Amino acid sequence: MKAIAIFGGTFNPIHYGHLAVAEEIRTKFNLDKVIFVPTNLPPHKNPVDLVSARQRWLMTNMATVSNPCFEVSSFEIDSGGKSYAVDTIKHFREHFGDNVKIYFIVGADMLIDIAAWKNIGEILKMCRFIAVSRPGYDIQKIFNQYFLGAKNASLASELMENALVEEVSMIDISSTVIRQRVKEWKSIKYMVPEAVEQFIHNHQLYL
Ligand code: ATP
Ligand code: MG
């Protein structure tokens, strides 16, 4: 094992945007695996329409099971309470030891408040960020605005050094749009894997 990536998210529900990003980064960085970590309670989000952790975990498994390099961790769900990246990264750093490179994948929208994440300084000592492009967000502009312009100059330069900006193929799907479409009885076919679509309909989620 040489290098892995952690991909945290609410995954409410997981969709092809997540999966395409994870696979593109896996191949680009020659990663041994990408570990999807569904949050228990996201610290920075108002959990509207949040289905249970167990249901999000199940859907994440269904969506990733066909890729031998994808794994799902229930670390944050098992820990309970609010999920903070610092605890998760620490867990994987201890699990894999110091010789495995750990990356943390974040979408462009998450980049905006990264400087304010709990114990960001500690996080940057344990892993590197891969910031991926996302439709509707100018990743380079966000990077310049929030990092170069950060008040704490040493944190800003650490962030610059430890965050790689990756332009990935843009897939304009979000969980918000999927939840909205389900509510309006619109099709979500080809936006999420078929098993996830079935699960959502069978359990009448997001209605
Ligand atoms: P919501 O609309 O509920 O916020 P989401 O689609 O943003 O859902 P999250 O679970 O919040 O999904 O995202 C997990 C991670 O995946 C975040 O880092 C997010 O930026 C990234 N991400 C989600 N969708 C895409 C996409 N289409 N392209 C690139 N990155 C994405
Ligand atoms: Mg999001």
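Phe 7 and Phe 36 are both buried, and in this predicted model these two residues offer a convenient way into the fold. For Phe 7 the relative accessibility is 7%, and the residue therefore counts as buried, the limit being under 20%. The rings of Phe 7 and Phe 36 form an aromatic pair with 5.6 Å from centre to centre and 55° between the planes, an arrangement classed as tilted. Because Phe 7 belongs to strand E1 (residues 3–9) while Phe 36 belongs to strand E2 (residues 33–38), this pair ties together parts that are 29 residues apart in sequence.

The two strands are also joined through their backbones, since E1 and E2 pair in the parallel sense over 6 bridges, and within this pairing Ile 6 stands opposite Ile 35 in E2. Strand E2 itself is largely enclosed by the rest of the structure, because 6 of its 6 residues are buried. Its side chains point in two directions, with Lys 33, Ile 35 and Val 37 on one side and Val 34, Phe 36 and Pro 38 on the other, and all of them are buried.

The aromatic contacts extend beyond the pair described above, for Phe 7, Phe 11, Phe 36 and Phe 70 form one aromatic cluster. Phe 11, at 2% relative accessibility, counts as buried. In the structure there are 9 aromatic pairs. One of them joins Phe 7 and Phe 11, whose ring centres lie 5.7 Å apart and whose planes stand at 80°, so that this pair is edge-to-face, the class for angles over 60 degrees. A ring also meets a charged side chain at Tyr 84, where Lys 118 lies over the face of the ring at 4.4 Å from its centre.

Turning to the chain as a whole, one finds 10 helices and 6 strands. Its radius of gyration is 17 Å, close to the 17 Å that the globule rule gives for 207 residues, so the chain is as compact as a globular protein of that length. Along the principal axes, the C-alpha trace spans about 50 × 35 × 35 Å. Buried residues make up 48% of the 207 residues, and among the contacts with a separation of 6 or more, 76% are between residues 24 or more positions apart. The surface that the chain exposes amounts to about 10,400 Å², of which carbon and sulfur atoms supply 51%.

Terms used
Residues numbered from 1 in each chain as written. Chains lettered and ligands numbered in written order. Predicted model: local features only at pLDDT ≥ 70, side-chain atom pairs only at ≥ 80, totals over all residues. Heavy atoms only, no water. Phe/Tyr/Trp six-rings, centres within 6.5 Å; stacked < 30°, edge-to-face > 60°. Buried < 20%, exposed > 50% of the residue type's maximum accessible area, 1.4 Å probe, protein only. Helix = DSSP H or I, 4+ residues; strand = E, 2+ residues; numbered from the N terminus. Lys NZ or Arg CZ within 6 Å of the ring centre and 35° of its normal. Rg over C-alpha atoms; globule rule 2.2 N^0.38 Å. Contact = heavy atoms within 4.5 Å. Areas by Shrake-Rupley, 256 points an atom, 1.4 Å probe, with all protein chains shown as cover. Pairing = 2+ DSSP bridges.
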